[in-house]
Amino acid sequence: MGDVVVGLSMSLDGFIAGANDGPGNPLGDGGARLFDWWSAGTETLGADDRFRPPARSRAVVEEMFDCGAVITGRRTFDIADGWGGHHPVGAPFFLLTHDPPGRHVGPGTDGTVVTDGIESALEQARAVAGDGDIAVGAAQVAQQYLNAGLLDVVHLNLVPVLLGAGVRLFANLKRHPRDLECTRVVESDGVTHLRYRVMK
Ligand SMILES: NC(=O)c1ccc[n+]([C@@H]2O[C@H](COP(=O)([O-])OP(=O)(O)OC[C@H]3O[C@@H](n4cnc5c(N)ncnc54)[C@H](OP(=O)(O)O)[C@@H]3O)[C@@H](O)[C@H]2O)c1
């Protein structure tokens with residue numbers, strides 16, 4: 001069985017997006033800085049030429065993309081316009097929402113709406129992922145898996161910028177302190193990749 005992994009780009013002060021994020025301002029004020037490293041290299045990863053990670057990040061990014069399914073939240077989905085119904089990692093995605101959107105999910109897309117909670121989303125994701133990892137791609141959703149004891153791995157792409165405000169990754173923690181074991185550090189260009197196993 002694969003791990004449940006949250007893998008996000010985060011500022012040194014703990015934000016995955018700046019203040020005032022929304023469809024017109026996808027990563028919030030100053031938040032685009034968190035994704036600069038994604039196009040700081042020369043070699044394209046896959047078909048999308050926005051993805052040009054530095055050579056030292058390449059193996060890490062390939063690992064992030066090599067997942068069996070993605071679980072995401074409605075704010076991320078809306079801001080990304082539902083990725084046109086096909087998530088960039090190329091895996092089926094499961095959208096947690098209380099109010100199903102009218103497009104980019106369902107037949108002809110890779111998206112499935114889940115309205116009955118995180119356990120249901122995980123069960124459906126595992127059913128399609130086989131032994132692959134399940135990537136959790138949003139903060140509020142990751143917090144719920146962490147609080148429920150269902151998150152196995154935290155993968156941070158730590159960017160040396162202080163955003164000062166915005167969407168905090170580690171908010172709403174129900175249990176703390178929480179211990180994590182650092183299993184890998186990769187220093188790259190404009191980003192440090194940190195991988196931790198969550199101690200249960
Ligand atoms: N830095 C990075 O690597 C990175 C990556 C991805 C996203 N982002 C950024 O992260 C921000 C969005 O993250 P976020 O944490 O604010 O929001 P989010 O997790 O994407 O979405 C939260 C919303 O999802 C729905 N939801 C969550 N849990 C649910 C549940 N158990 N059942 C039903 N619905 C549920 C709710 O919406 P409804 O009640 O409206 O349905 C909730 O308001 C954006 O700024 C995005 O650009 C950054």
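Which residues does Leu96 touch, not counting residues up to four places away in sequence? The legends below describe close-up views of a predicted model.

**View 1. Contacts of Leu96 in the largest nonpolar core.** Leu96 touches Ile71, Thr72, Gly73, Arg74, Val114, Gly117, Ile118, Ala121, Val141 and Tyr145, with residues up to four places away in sequence left out of the list. Leu96 is also one of the residues that touch the most other members of the largest nonpolar core, a set of 30 residues. The others named with it are Ile71, Ile134, Val136, Tyr145, Leu151 and Leu169. Two or more core residues come from each of β1 (4-11), β3 (69-73), β4, α3 (118-129), β6 (134-136), α4 (139-147), β7 (153-159) and β10 (192-198). Another core, of 21 residues, lies apart from this one and includes Phe51, Val61, Cys67 and Val191.

**View 2. The stacked pair Phe35 and Trp38.** The model has eight aromatic pairs. In one of them, the ring centres of Phe35 and Trp38 are 6.3 Å apart and the planes meet at 20 degrees; because planes under 30 degrees apart count as stacked, this pair is stacked. Phe35 has a relative accessible area of 36% and is partly exposed, whereas Trp38 is buried at 7% relative accessibility.

**View 3. The tilted pair Phe77 and Phe93.** The ring centres of Phe77 and Phe93 lie 6.1 Å from each other, with 45 degrees between the planes, and the pair is tilted. Phe77 belongs to helix α2 (residues 74-79) and Phe93 to strand β4 (residues 93-96), so the pair links distant parts of the chain, 16 residues apart. Both rings belong to buried residues: Phe77 has 3% relative accessibility, and Phe93 has a relative accessible area of 0%.

**View 4. An aromatic cluster and a charge over one of its rings.** Phe35, Trp37, Trp38, Phe51 and Phe65 make up one aromatic cluster. Over the ring of Phe51 sits the charged end of Arg50, at 5.4 Å from the ring centre. Phe51 is also among the members of the 21-residue core.

**View 5. Surroundings of the ligand.** There are 25 residues around the ligand, and Asp21, Arg75, Thr76, Thr97 and His98 come nearest. An N or O atom in the side chain of His98 is 2.7 Å from an oxygen atom of the ligand. A polar backbone atom of Gln140 likewise lies 2.7 Å from a ligand oxygen atom. Gln144 places a polar side-chain atom 2.8 Å from a nitrogen atom of the ligand.

**View 6. Helix α4 and the residue Gly149.** Ala139, Val141, Ala142, Gln143, Tyr145 and Leu146 are the buried residues of α4. Of these, Tyr145 and Val141 are both touched by Leu96. Gly149 follows α4 and has a positive phi, near 75 degrees.

**View 7. Leu163 in a loop.** Leu163 is in the loop between β7 and β8 (167-168). Is Leu163 buried or exposed? With 18% relative accessibility, Leu163 counts as buried, because the cut-off for buried is under 20%. Leaving out residues up to four places away in sequence, Leu163 touches Ser11, Asp13, Phe15, Ala17, Gly18, Asp29, Gly30, Gly31 and Leu34. The C-alpha atom of Leu163 is 38 Å from that of Gly108, a residue 55 residues away along the chain.

Methods
Residues numbered from 1 in each chain as written. Predicted model: local features only at pLDDT ≥ 70, side-chain atom pairs only at ≥ 80, totals over all residues. Heavy atoms only, no water. Phe/Tyr/Trp six-rings, centres within 6.5 Å; stacked < 30°, edge-to-face > 60°. Buried < 20%, exposed > 50% of the residue type's maximum accessible area, 1.4 Å probe, protein only. Helix = DSSP H or I, 4+ residues; strand = E, 2+ residues; numbered from the N terminus. Lys NZ or Arg CZ within 6 Å of the ring centre and 35° of its normal. Core = buried A, V, L, I, M, F, W, Y, C linked by side-chain atoms within 4.5 Å. Contact = heavy atoms within 4.5 Å. Near = heavy atom within 4 Å. Polar contact = N/O pair within 3.5 Å; in protein donor to acceptor, adjacent residues only side chain to side chain.
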